[in-house]
Amino acid sequence: MKNVLGLRCIDCGKQVPAQPGIYTCPSCGKKGGIMDVEYDYQEINRLTTREQLTQSKDYSIFRYLPFLPIGADSARPHLRVGWSPLYKPQGLGKSLGMSNLFVKDDGQNPTASLKDRASIIAVIKAVEEKAPIVAASSTGNAASSLAGSAAAMGIKSVIFVPSRAPQGKIAQLLIFGATVISVQGSYEDTFKLSAEAIDRFGWYNRNAAINPYLVEGKKTVALEIAEQLNWDVPDWVILSVGDGCTIAGVWKGFKDLYNAGWIDHLPKIAGVQSTGCCPLVDAFVENRPWQPKEENTIADSIAVGVPRNPDKALNAVRESGGTMVAVSDEAILAAMRELGRTSGIFGEPAGVTGTAGLKVLVEKGIIGADEKVVSIVTGNGLKDVQNAIKAVGEPIKVEPSLKELLEKLEGRI
């Protein structure tokens, strides 16, 4: 990987080679510091140019191969991950009072979430390192994305999920042939057990807060946004936050483009959590270290009371000059309805939390009505049908009678 200079610890700054088996900083004690992948931007520009890349016919994350930490000849799954659509829904913009709003629908990835971007990198790196089994803990989306990518790559996966994981996501895991461990406890309990098992059996670790290569997959959503906007970077990018890996990836993607000279400025990043589980929002707003919180929200994919990548997440928001906000579960359900009826985009609760937060930030005047904003929908609503029905209610039930139909339709259409 001539484009990769190595790994750098975000805590102590130590630089180490990007070698198999190295994921955390060897100088930061038993726990190990979180690492960042560092690139040779001159080498990236030698490999390709912005103009050359724009002509690429590879409509997946691999159009950005010079910005990725994988070998050019490494085996890849056949799944098409990335290049999700970037819409400009006029109805949603009008509803929110915004003139320049875009929505990036990452629910259209193979397993219906942004996490596919990380998981496809995980299975490629696992095969590079000759690991026969990949494993992870997840609230749901990372689990199903890993299982799908592993199945496509022809390797086994072991997935740990908390007992509250929605059945739609469990069904995906089982269909993809994963060994599924349903931990009867919180996400924190699930993460700890997965870490112990991974250490015990030597499985390849897909946990994005531990493995620095996974953030590199997630950052491709930012590369796509920049390219789809013809390299005219938005003023704001807003999305939901759980462990902190995805928002860190978004910021990393824009910084890589800036450092390579492909864009001339950086966006502000806004992170949104549910009031039922918002340790990072509280830490940001109160300007203090984060503290664990209960996991009490319908947005299961971001119900992370003990985030594993808090520093990268908070650094992303602060470095960008952005902000964070928490919204209620009721506001999240309302955002599901509003996004659906005004734009035809179906997002799961965690997937639309960014949109719910955008509404608050516009109302407060923090985000201007005429600023260019991209809201990322991170997961499809079919993953959590139960909460979708909760958001909109049951259908109209009638007997096969026109008279009864007319009666029940009166005043509804």
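Me: Why is lysine 255 called partly exposed?

Reply: In this predicted model, lysine 255 has a relative accessibility of 30%. Buried means under 20% and exposed means over 50%, so 30% falls in between and lysine 255 counts as partly exposed.

Me: What makes the contact of lysine 255 with glutamate 319 a salt bridge?

Reply: The side chains of lysine 255 and glutamate 319 meet at 3.2 Å, N to O. A salt bridge requires a side-chain nitrogen of Lys or Arg within 4 Å of a carboxyl oxygen of Asp or Glu, and the 3.2 Å separation therefore meets the cut-off.

Me: Which parts of the chain does this pair tie together?

Reply: Lysine 255 belongs to helix α10 and glutamate 319 to helix α12, so the pair ties together parts that are 64 residues apart in sequence.

Me: Why is glutamate 319 given its class of accessibility?

Reply: The relative accessible area of glutamate 319 is 47%. Exposed would need over 50% and buried under 20%, so glutamate 319 is partly exposed.

Me: Where else do these two residues appear?

Reply: The second largest pocket holds about 340 Å³ of space. Of its 19 lining residues, the closest to the centre are Arg8, Asp36, Lys252, Lys255 and Glu319. Helix α10 gives the most to this lining, with seven residues, while β4, α10 and α12 each supply at least two. By class, the lining has eight nonpolar, three polar and eight charged residues. Two of the residues closest to the centre, Arg8 and Asp36, also belong to a network of salt bridges with Glu38 and Lys312.

Me: How do you know that lysine 219 and aspartate 256 form a salt bridge?

Reply: The closest N and O atoms of lysine 219 and aspartate 256 are 2.6 Å apart. The cut-off is 4 Å, so the pair qualifies as a salt bridge. Lysine 219 sits in the loop between α8 and α9 and aspartate 256 in helix α10, 37 residues apart, and the pair links distant parts of the chain. Both lysine 219 and aspartate 256 are buried. The structure holds 24 salt bridges.

Me: Why are lysine 408 and glutamate 404 separated by about one helical turn?

Reply: The two residues are four places apart in helix α16, so about one helical turn lies between lysine 408 and glutamate 404. Their closest N and O atoms are 3.3 Å apart, which is within 4 Å, and the pair is therefore a salt bridge. Lysine 408 has 35% relative accessibility, between the 20% and 50% limits, so lysine 408 is partly exposed.

Me: Why is glutamate 338 said to have no salt bridge?

Reply: The nearest side chain of opposite charge, that of lysine 359, is 4.1 Å away. A salt bridge must be within 4 Å, so this pair does not count as one. Glutamate 338 lies in helix α13 and is buried. Leaving aside residues up to four places away in sequence, glutamate 338 touches Leu92, Ser95, Leu96, Ser343 and Lys359.

Me: What makes leucine 146 buried?

Reply: Leucine 146 has a relative accessible area of 0%. Buried means under 20%, so the value of leucine 146 satisfies the definition. Leucine 146 is placed in helix α5. Its contacts beyond four places in sequence include Ser119, Val134, Ile159 and Arg206. From leucine 146 to isoleucine 159 the C-alpha to C-alpha separation is 8.3 Å, with their positions 13 residues apart in sequence.

Me: Why does threonine 220 count as buried?

Reply: The relative accessibility of threonine 220 is 0%, and under 20% is the condition for buried, so threonine 220 is placed in that class. Threonine 220 lies in helix α9. Not counting its neighbours within four places in sequence, threonine 220 is in contact with Ile61, Tyr64, Leu68 and Arg117.

Me: What makes a space in this structure a cavity, and how many are there?

Reply: A cavity is a space where a 1.4 Å probe fits but cannot get out. The search of the whole structure finds two cavities of 30 Å³ or more. The largest cavity contains about 350 Å³ of space. Its lining has 28 residues, with Lys115, Lys218, Asp243, Thr246 and Ser301 nearest the centre. Helix α10 gives the most to this lining, with three residues. The lining comprises twelve nonpolar, eleven polar and five charged residues.

Methods
Residues are numbered from 1 along each chain as its sequence is written. This is a predicted model: local features need pLDDT of at least 70, side-chain atom pairs count only at pLDDT 80 or more; totals for chains, interfaces and linings use all residues. Side-chain values use heavy atoms; hydrogens and water are left out. On a 1 Å grid over the protein atoms alone, a cavity is a set of points where a 1.4 Å probe fits but cannot get out, and a pocket is an open set with protein on both sides within 12 Å along at least five of seven lines; lining residues have an atom within 4 Å of a point. Grid points are joined across faces, edges and corners, and a volume is the space filled by probe spheres set on the points. Ala, Val, Leu, Ile, Met, Phe, Trp, Tyr, Cys and Pro count as nonpolar, Asp, Glu, Lys and Arg as charged, and the others, Gly among them, as polar. Buried means under 20% relative accessible area, exposed over 50%, partly exposed in between (1.4 Å probe, protein chains only). Lys and Arg count as positive and Asp and Glu as negative; His and the chain ends are not counted. Contact means heavy atoms within 4.5 Å.
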